[in-house]
Amino acid sequence: MTNTRAPAWQAWLAVATGGLAGPELRYGLGLAFPAAAGTIPLTTLGINVAGSFVLAGLTTVWIARPRTAFWLRAGLGPGLLGSFTTFSAVMFSIDQLATAGEYPVWMAYLGLSLVLGLGAAAGGWRTGRLLTDRLEAAS
């Protein structure tokens with residue numbers, strides 16, 4: 001018989017902790033590297049691209065090596081990285097640029113977010129596979 005209980009309290013705590021830390025990291029980076037008015041918000045773009053890469057890499061490793069504790073996967077994945085990278089920050093920036101009449105800028109930002117985010121996820125997946133292959137060869 002399989003265990004159908006809800007995840008343990010450790011997972012909920014890990015997600016909550018990661019969910020508190022991720023936005024603070026994003027906010028701090030936004031303060032340290034603010035975007036000039038009417039330009040592509042490179043900090044938000046970089047955060048989302050880096051987060052896509054890391055999340056894809058970790059997920060790939062976790063799928064291949066599922067022994068990682070569930071609470072750790074939940075805390076790092078949906079908790080920390082899910083709150084660090086956020087679609088709402090992209091939409092907020094696009095809204096601000098569109099309201100200011102910066103149509104070419106917001107369209108370029110949206111396009112870059114999609115292309116670079118997907119590319120980073122693909123790169124993260126590939127890196128995760130390479131790491132997993134090396135770990136399996138070493139053991």
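**Exercise 1. Check the length of helix α2 against its expected span.**

Step 1. Helices here are DSSP runs (H or I, at least four residues; strands are E, at least two), numbered from the N terminus. Helix α2 covers residues 42–64.

Step 2. The expected span is 1.5 Å times one less than the number of residues. For the 23 residues of α2, that gives 33 Å.

Step 3. The end C-alpha atoms of α2 lie 33 Å apart, so the two values agree.

A note on the source: this is a predicted model, where local features need pLDDT of at least 70, side-chain atom pairs count only at pLDDT 80 or more, and totals for chains, interfaces and linings use all residues. Residues are numbered from 1 along each chain as its sequence is written, and side-chain values use heavy atoms, with hydrogens and water left out.

**Exercise 2. Find the buried residues of α2 and what covers them.**

Step 1. Apply the cut-offs: buried is under 20% relative accessible area, exposed is over 50%, and partly exposed is in between (1.4 Å probe, protein chains only).

Step 2. In α2 the buried residues are Thr43, Thr44, Leu45, Ile47, Asn48, Gly51, Ala56, Gly57, Thr60, Val61 and Trp62.

Step 3. Their cover includes α1 (9–32), α3 (70–84), α4 (87–99) and α5.

Step 4. Set this against the whole chain, where buried residues make up 27% of the 139 residues. The chain has five helices and zero strands.

**Exercise 3. Describe how α2 packs on α5.**

Step 1. Two packed helices are described by the angle between their axes and the distance between the axes. Axes are lines fitted to C-alpha atoms, for helices over the stretch in contact; angles run from 0 to 180 degrees between N-to-C directions.

Step 2. α2 and α5 (residues 103–138) pack at about 30 degrees, with axes 7 Å apart.

Step 3. Angles under 35 degrees count as roughly parallel, over 145 as roughly antiparallel, 65 to 115 as roughly perpendicular and the rest as oblique. α2 and α5 are therefore roughly parallel.

Step 4. By class, the contact of α2 with α5 has 13 nonpolar, 11 polar and two charged residues. Ala, Val, Leu, Ile, Met, Phe, Trp, Tyr, Cys and Pro count as nonpolar, Asp, Glu, Lys and Arg as charged, and the others, Gly among them, as polar.

Step 5. Look at one residue of α5, Thr132. Thr132 is buried, at 0% relative accessibility. Beyond residues up to four places away in sequence, Thr132 touches Thr60, Val61, Ala64 and Arg65 (contact: heavy atoms within 4.5 Å).

**Exercise 4. Describe how α2 packs on α3.**

Step 1. The axes of α2 and α3 come within 10 Å and cross at roughly 165 degrees. That makes α2 roughly antiparallel to α3.

Step 2. Ile47, Asn48, Gly51, Val54, Leu55, Leu58 and Trp62 in α2 meet Arg73, Leu76, Gly77, Leu81 and Phe84 in α3. This contact has eight nonpolar, three polar and one charged residues.

**Exercise 5. Place Val15 and Ala100.**

Step 1. Val15 sits in helix α1. Val15 is partly exposed, at 29% relative accessibility.

Step 2. Leaving aside neighbours within four places in sequence, Val15 contacts Ala74, Gly75 and Gly79.

Step 3. Ala100 is in the loop between α4 and α5. With a relative accessible area of 55%, Ala100 is exposed.

Step 4. Ala100 and Arg134 are 34 residues apart in sequence, and their C-alpha atoms are 50 Å apart.
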